[in-house]
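Me: I would like a close look at the largest pocket of this structure, together with a few individual residues. Please explain each term as it arises.

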Amino acid sequence: MGCREIRRMTPATIAFCSVLILGAGCAAPPEEAAPAPEVDPVAENEAALNELAAKYLQAVNRGDADGLAVLYTEDAIRFPSDGRRIEGRDAIRLFAAADYADVDWEMQLHVEESDYSGDLAFVRGTYAITLTQKENPSAVYQEVGKWMDLMRREEDGSWLIAREMSNRDYPPGLMPDPPEEEG
């Protein structure tokens with residue numbers, strides 16, 4: 001090829017290269033997967049444990065033994081104040097059903113501390129219970145105390161109660177009367 005032929009091809013080569021360069025510049029960059037949103041495991045676990053406590057309260061205050069039992073692991077153990085331990089979800093369900101049969105429950109829980117490590121967590125706090133006999137609404141029993149639960153994260157990511165312990169602050173019938181309101 002002589003110089004003359006190279007000069008003749010130069011405009012065509014320039015045009016072709018320009019099209020390639022423009023096309024490459026207009027092409028979309030390769031799609032990258034959007035980064036997954038950062039999840040704060042502490043906040044996520046706190047929210048899940050608080051949700052479990054809320055479901056617990058709802059079940060107790062409705063007198064829902066089945067709704068309460070599903071919040072426990074199959075091998076859960078409860079250690080109630082002044083009582084025998086209750087082992088297993090089914091036994092917890094039966095015990096709760098007997099409790100709810102003759103008495104309406106009104107429970108309040110206060111969470112004071114929680115922490116977790118891996119698939120285990122503990123939550124502790126205080127409680128107040130008012131029990132009213134269904135057949136005699138003037139028969140009311142009140143109790144305050146403290147509680148601590150050991151929770152276990154299941155394979156599906158949900159938290160359930162594995163161990164539960166409670167202890168009343170006063171012996172039955174010896175709870176001091178609340179102070180009279182002034183005004």
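Reply: The pocket is described below, followed by three residues.

This is a predicted model, in which local features need pLDDT of at least 70 and side-chain atom pairs count only at pLDDT 80 or more, while totals for chains, interfaces and linings use all residues. Residues are numbered from 1 along each chain as its sequence is written, and side-chain values use heavy atoms, with hydrogens and water left out.

The largest pocket holds about 630 Å³ of space. A pocket is an open set of points on a 1 Å grid over the protein atoms alone, where a 1.4 Å probe fits and protein lies on both sides within 12 Å along at least five of seven lines; lining residues have an atom within 4 Å of a point. The volume is the space filled by probe spheres set on the points, which are joined across faces, edges and corners. Of the 31 lining residues, Arg78, Pro80, Trp105, Ile129 and Ser166 are the closest to the centre of the pocket. Two or more lining residues come from each of helix H2 (41-62), S1, helix H4 (89-102), strand S3 (103-117), S4, strand S5 (140-153) and strand S6 (159-168). Helices (H or I, at least four residues) and strands (E, at least two) are DSSP runs, numbered from the N terminus. S5 gives the largest share of the lining, five residues. By class, 21 lining residues are nonpolar, three polar and seven charged. Here Ala, Val, Leu, Ile, Met, Phe, Trp, Tyr, Cys and Pro count as nonpolar, Asp, Glu, Lys and Arg as charged, and the others, Gly among them, as polar.

Thr73 belongs to strand S1 (residues 72-79). Thr73 is buried, with a relative accessible area of 1%; buried means under 20%, exposed over 50%, and partly exposed in between, for a 1.4 Å probe and protein chains only. Beyond residues up to four places away in sequence, Thr73 touches Arg89, Arg152, Glu154, Leu160, Ile161 and Ala162, where contact means heavy atoms within 4.5 Å.

Val123 lies in strand S4 (residues 120-133) and is likewise buried, at 4% relative accessible area. Its C-alpha atom is 5.3 Å from that of Asp149, although the two residues are 26 apart along the chain.

Asp82, by contrast, is exposed, at 70%, and sits in the loop between S1 and strand S2 (86-87). Most residues other than glycine have a negative phi. The phi of Asp82 is positive, near 50 degrees.
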